[in-house]
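The following exercises invite the student to read a protein model step by step. Each task is followed by a worked solution.

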Amino acid sequence: MNNLDHRQIIRVYAEPSKLLDLTRETIVFHNVDGLISCLKAIRSDTEVRLIRIKNRMDPGYSSSYSGGFRNICINFCLSSSSATRLGLDLHVCELQMLFEEFEQRKSEAGHAKYRAFRNLRGE
């Protein structure tokens with residue numbers, strides 16, 4: 001865990017169990033059909049327990065809350081017998097789903113701007 005994570009826990013969550021993105025992965029899509037197919041597969045998987053879905057692609061979502069960035073962010077736990085046996089069934093994972101255009105903007109400089117933006121907002 002880096003220093004940013006420690007600061008985020010203290011400032012926003014007050015306790016480590018509230019931090020939901022220690023395990024994070026990104027899937028980049030070329031088109032809407034691919035993204036929708038992936039969402040359907042995740043929702044129908046009986047070994048995935050959805051915790052939260054943030055749809056930053058919704059037309060009603062103001063991108064001013066995310067510094068102009070848009071994606072779909074899913075927090076979930078694995079509820080398989082293997083996950084339970086390994087003590088991972090309560091471990092929250094994050095999956096970010098976005099289109100190529102946003103991935104190209106998600107450079108080191110772009111992500112640094114986003115972190116600074118969240119820090120200003122106290123998130």
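The exercises below concern a predicted model, and they proceed from the whole chain to single residues.

**Exercise 1. The chain as a whole**

Task: State how many helices and strands the protein chain has, and give the order of its elements.

Solution.
Step 1. The secondary structure of the protein chain consists of five helices and four strands.
Step 2. Read from the N terminus, these elements follow the order α-β-α-β-β-α-β-α-α.
Step 3. The chain has 123 residues, of which 28% count as buried.
Step 4. Among the contacts in the protein chain with a separation of 6 or more, 61% involve residues 24 or more positions apart.

**Exercise 2. Confidence**

Task: Determine in which helix the confidence is lowest and in which it is highest.

Solution.
Step 1. The mean pLDDT of the protein chain is 79, and 66% of its residues reach 70 or more.
Step 2. The lowest confidence belongs to helix α1 (residues 3-13), with a mean of 56.
Step 3. The highest belongs to α2, with a mean of 96.
Step 4. Where pLDDT is low, predicted coordinates should not be read in detail.

**Exercise 3. The two sides of helix α2**

Task: Identify which residues of α2 are buried, which are exposed on the other side, and what the buried residues pack against.

Solution.
Step 1. Helix α2 has 13 residues, and the distance from its first C-alpha to its last is 18 Å, close to the 18 Å expected at 1.5 Å a residue.
Step 2. The buried residues in α2 are L35, C38, L39 and I42. They lie on the same side of α2, because they cover an arc of only 100 degrees around the axis.
Step 3. D33, K40 and S44 are exposed on the other side of α2.
Step 4. The buried residues of the helix pack against four strands: β1 (23-29), β2 (48-55), β3 (72-78) and β4 (93-99).
Step 5. At the N-terminal end, N31 caps α2, with a side-chain oxygen 3.2 Å from the backbone nitrogen of D33.

**Exercise 4. Residue I42**

Task: Explain why I42 counts as buried, and name its contacts beyond four places in sequence.

Solution.
Step 1. I42 belongs to helix α2, which covers residues 32-44.
Step 2. The relative accessibility of I42 is 16%, and the residue therefore counts as buried, the cut-off being under 20%.
Step 3. Beyond its neighbours within four places in sequence, I42 is in contact with V48, L50, I74 and L95.
Step 4. The C-alpha atoms of I42 and F76 are 9.7 Å apart in space, while the two residues are 34 residues apart in sequence.

**Exercise 5. Cysteines**

Task: Explain why the sulfur of C93 is not bonded to the sulfur of C77.

Solution.
Step 1. A disulfide is a covalent bond between the sulfur atoms of two cysteines.
Step 2. To be counted, the two sulfur atoms must lie within 2.5 Å.
Step 3. The cysteine sulfur closest to that of C93 is in C77, at 6.9 Å, and this is too far for a bond.
Step 4. The count of disulfides is zero.
Step 5. Both C38, at 18% relative accessibility, and C93, at 14%, count as buried.

**Exercise 6. Three charged residues**Task: Decide whether E94, E101 and K54 are each buried or partly exposed.

Solution.
Step 1. E94 lies in strand β4 and is buried, with a relative accessible area of 8%. The side chains of E94 and Q96 are joined by a polar contact of 2.9 Å.
Step 2. E101 is found in helix α4 (residues 100-105). Its relative accessible area is 45%, so E101 is partly exposed. Although E101 and V28 are 73 residues apart along the chain, their C-alpha atoms are separated by 9.2 Å.
Step 3. K54 is part of strand β2 and is partly exposed, with a relative accessible area of 30%. Not counting residues up to four places away in sequence, K54 touches N71, I72 and C73. The C-alpha atoms of K54 and N75 are separated by 8.6 Å, and these residues are 21 residues apart along the chain.

Methods. Residues numbered from 1 in each chain as written. Predicted model: local features only at pLDDT ≥ 70, side-chain atom pairs only at ≥ 80, totals over all residues. Heavy atoms only, no water. Buried < 20%, exposed > 50% of the residue type's maximum accessible area, 1.4 Å probe, protein only. Helix = DSSP H or I, 4+ residues; strand = E, 2+ residues; numbered from the N terminus. Contact = heavy atoms within 4.5 Å. Expected span 1.5 Å × (residues − 1). Arc of directions from axis to C-beta. Polar contact = N/O pair within 3.5 Å; in protein donor to acceptor, adjacent residues only side chain to side chain. pLDDT = per-residue confidence, 0-100.
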